[in-house]
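Colleague: Please take me closely through one part of this model, the pairing of its strands. Then set that part against whatever lies around it.

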Amino acid sequence: MGKNDVSVKRWLSDKERFADLFNGVLFQGAGIISAADLEEADSEVDVMIRDKNGKDRAYQRYRDIVMRWKQSVDFVVLACESQDSVHYAMPVRGMVYDGLTYTRQIEYLWTKQKEHKNISAAEFLSHFRKTDAISPVITLVFYYSQEPWDGNADLYGMFPQELMSWGRDVVERYVPNYRINLIDIARIEDVNVFQGDLQIIFQMIKYMSNKPKLIAYINENKDYFSSVDFDTYQVIRTFLNSEKQLKEWKEKETEGGINMCQALEELYQDGVKEGEARGEARGEAKVWKLNQHLLQDKRYQDLEKASEDNEFRRQLYREYRI
């Protein structure tokens, strides 16, 4: 697991965030899943499968985050796989992960029964009694790249197009499809289905490619961004792809948390200086000078408007005598 995935895993492993993520995706924001009803599950899935020749084969996979959601006496397994790049075989990968999780449940049910009395030959061969039941597995693919996901979202999409054009009826009748539950966070249409800080962070991600809008949004939400915890700071660095640009602020962390407003404004100021050097060579230095004035005067909304409105920007040039 890479450094980015570790940051995302730590952040989403918080039960309140995890519950908020699944409530937003599965229940349109209704608080059906409570953090108190979640318990961490082993993310290692290792099973031993015996083939028809009596040989045992070991399969081992590691899932990013797995929680068990307790509903009355029943459980639902909730899993989340984080991706910072497109995985073109994700439907098959997800199908294997879910299949191994189901297989692990079957093994557990069989081994927890110390004595196998009053079972039929079919139950013994299956290692699964007729009255046994397994828990459903719901897996989300949490994709956080700035580039749109251009991979397939289901198993059928991985089949040859020519085959699907003439043989779709047969495929759909006899080949079960597997669909991934993709969460492309940079392109979520309605962030309001999330109730906690996921809503704030997901909205922030929409401004990743527009620094003036990003700074304006951060300052509009100063109450939150002025004191974020270290895990949130790390994941913001990951989402903004700014691990190298943003300074290590951990040593400046106070009891109230890390001031993200200050960190991002310094990042933007560094960009202003770099852009000014490039802009002078192209005769565009006054754009960067205007941005400096607006930042200094804390005119964040005017900064955002000037990035889109040429006439308004010319008015500001005259105002600041640039």
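Modeller: Helices and strands here are DSSP runs, numbered from the N terminus; a helix needs at least four residues in state H or I, and a strand at least two in state E. The model is predicted. By that count the protein has 13 helices and seven strands.

Five of the strands form an open sheet in the order β1-β4-β5-β6-β7, and the pairing is mixed. At its edges stand β1 (38-40) and β7, each with a single partner strand, so one side of each has no neighbour in the sheet. Direction ignored, neighbouring strands of the sheet are turned by 25 degrees against each other on average.

Take the β7 edge. Strand β6 (residues 137-143) and strand β7 (residues 181-184) run parallel and are joined by four bridges. Along this pair, Leu-140 stands opposite Asn-181 in β7, and Tyr-143 is opposite Asp-184 in β7. Between the two strands the chain passes through helix α5 (residues 161-174), and this β-α-β crossover is right-handed. Another helix, α3 (residues 90-111), lies across β5 (74-83) and β6 and runs at about 150 degrees to β5.

One residue of β6 leads from the sheet into the interior. Leaving aside neighbours within four places in sequence, Phe-142 is in contact with Val-8, Leu-12 and Leu-21, with Cys-80, Glu-81, Ser-82 and Gln-83, with Ile-183 and Ile-185, and with Phe-202 and Phe-239. In soluble globular proteins, nonpolar side chains tend to be buried together. The largest nonpolar core has 47 residues, and Phe-142 is among those with the most contacts inside it, along with Phe-202, Met-204, Phe-225 and Phe-239. Helix α6 (residues 197-205) gives the most to this core, six residues.

A second core, of twelve residues, lies apart from that one and includes Ile-215, Ala-216, Ala-306 and Tyr-320. Two of these names, Ile-215 and Ala-216, recur in the list of buried residues of α7, which also holds Pro-212, Lys-213, Leu-214, Tyr-217, Ile-218 and Asn-219. Helix α7 (residues 211-220) has ten residues, and eight of them are buried, so the rest of the structure largely encloses this helix.

Two loops that lead to strands of the sheet deserve a look at the backbone. Gln-28 lies in the loop between α2 (15-27) and β1. Though not a glycine, Gln-28 has a positive phi of about 55 degrees. Its relative accessible area is 59%, and over 50% counts as exposed, so Gln-28 is exposed. His-127 sits in the loop between α4 (121-126) and β6. His-127 also has a positive phi of about 55 degrees without being a glycine. With 37% relative accessibility, His-127 counts as partly exposed.

For the chain as a whole, 42% of the 322 residues count as buried. The accessible surface comes to about 18,600 Å², with 47% of it belonging to carbon and sulfur atoms. Of the contacts between residues at least 6 apart in sequence, 62% join residues at least 24 apart.

Notes. Residues numbered from 1 in each chain as written. Predicted model: local features only at pLDDT ≥ 70, side-chain atom pairs only at ≥ 80, totals over all residues. Heavy atoms only, no water. Buried < 20%, exposed > 50% of the residue type's maximum accessible area, 1.4 Å probe, protein only. Contact = heavy atoms within 4.5 Å. Areas by Shrake-Rupley, 256 points an atom, 1.4 Å probe, with all protein chains shown as cover. Core = buried A, V, L, I, M, F, W, Y, C linked by side-chain atoms within 4.5 Å. Pairing = 2+ DSSP bridges. Right-handed = clockwise from strand over helix to strand, strands pointing away. Axes fitted to C-alpha atoms, helices over the stretch in contact; angles between N-to-C directions.
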